[in-house]
Amino acid sequence: GALLLGAVSAAPTLLHHIPLAALAAMLVYTGTRLASPREFGHAWKIGPDQVLLFTTTLVVTLATDLLVGVAAGLLLKLLIHSIRGAHPGTLVNTTVDRIRTGSELRLKLRGAAAFPSLLKVRRELADLDRDVRRIVIDLADVRLVDHTFLSRIEAMGAELSFAKLEIEGLDGMRAASDHPHATRRRPVASIAQSFRRMTESRRGGPPQ
């Protein structure tokens, strides 16, 4: 993206020398790969919400342009997350507590596990000690776990050669489908229990 922006800013006149037929061929080929029937089937397996996001982004992009289509898909995703109990403030203000016990590193998330929290987890694992043999992503106090978070965490775990990465805290969450990477949300009653546990831990335990 940075290279494309630099090329457009530094030499805008060169773009006019590219044949439009060549640009159209590349766009048609790329669009066919991204919006093939197989991709629709894959999105449906993950959950109906992914099909809705995929279709909305595709239709708005074709009707307007790429930036508007991406913005529409992003706004729709924020709306769906808000309906499921994770408003935009929760997505941004997710905290990651680092707990080290021997050779185990536990990353406890509070808020929502989505793309912003994925960046925080990646930052925690960037300077990982080689003595760590087990990494636990604790999602017991998380309201919502996004599809992107689960798929990227699995990919990050596959890249680790000296430690095993595990996810805990998904029990009791409602999944959008049977797919292992489907978006999950915690029922309202479970959210209240998690908030009560967090409040008691800050006060030093439940009242006697």
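Two residues are said to be in contact here when they have heavy atoms within 4.5 Å of each other. Keep that in mind for the views below, which come from a predicted model.

**View 1. I135 and the residues around it.** Which residues is I135 in contact with, once its neighbours within four places in sequence are left aside? The list runs L105, L125, L128, L160, A163, K164, L165 and E166. I135 also belongs to the largest nonpolar core, the subject of the next view.

**View 2. The largest nonpolar core.** This core has 24 residues, and the ones that touch the most other members are L109, V121, L125, I135, I137 and F149. Strand 2 (104-113), helix 7 (115-126), strand 3 (134-145) and helix 8 (147-159) are the elements that each give two or more residues to this core. Which of them gives the most? That's strand 3, with five residues. As a bit of background, nonpolar side chains tend to be buried together in soluble globular proteins.

**View 3. Another core, set apart.** Apart from the largest core lies another one, made of five residues. Among its members are L91, A112, A114 and L144.

**View 4. The largest pocket.** Here we look into a pocket with a volume of about 1,400 Å³. Its lining takes in 34 residues, and L34, L53, F54, T57 and V70 lie nearest its centre. Helix 2 (20-34), helix 3 (37-46), helix 4, helix 5, helix 6 (88-92), helix 7 and helix 8 each give two or more residues to the lining. What sort of residues line this pocket? They split into 19 nonpolar, eleven polar and four charged.

**View 5. A cavity of about 30 Å³.** The structure holds one cavity of 30 Å³ or more, and the volume of the largest cavity is about 30 Å³. Around this cavity sit D49, Q50, L53, K77, I80, H81, R84, D146 and T183. Two elements, helix 4 (48-63) and helix 5 (66-83), give two or more residues to the lining. By type, the lining of the cavity has two nonpolar, three polar and four charged residues. You may recognise L53: this residue lines the cavity, and it is also listed among those nearest the centre of the largest pocket.

**View 6. Stepping back to the chain.** To place the close-ups, picture a protein chain with nine helices and six strands. How much of the chain is buried? Of its 208 residues, 33% count as buried. The accessible surface comes to about 13,200 Å², and 63% of that belongs to carbon and sulfur atoms. Among contacts between residues at least 6 apart in sequence, 65% join residues at least 24 apart.

Notes:
Residues are numbered from 1 along each chain as its sequence is written. This is a predicted model: local features need pLDDT of at least 70, side-chain atom pairs count only at pLDDT 80 or more; totals for chains, interfaces and linings use all residues. Side-chain values use heavy atoms; hydrogens and water are left out. A nonpolar core is a set of buried Ala, Val, Leu, Ile, Met, Phe, Trp, Tyr and Cys residues joined through side-chain atoms within 4.5 Å. Buried means under 20% relative accessible area, exposed over 50%, partly exposed in between (1.4 Å probe, protein chains only). Helices (H or I, at least four residues) and strands (E, at least two) are DSSP runs, numbered from the N terminus. Accessible areas come from the Shrake-Rupley method with a 1.4 Å probe; for residues, only the protein chains shown count as cover. On a 1 Å grid over the protein atoms alone, a cavity is a set of points where a 1.4 Å probe fits but cannot get out, and a pocket is an open set with protein on both sides within 12 Å along at least five of seven lines; lining residues have an atom within 4 Å of a point. Grid points are joined across faces, edges and corners, and a volume is the space filled by probe spheres set on the points. Ala, Val, Leu, Ile, Met, Phe, Trp, Tyr, Cys and Pro count as nonpolar, Asp, Glu, Lys and Arg as charged, and the others, Gly among them, as polar.
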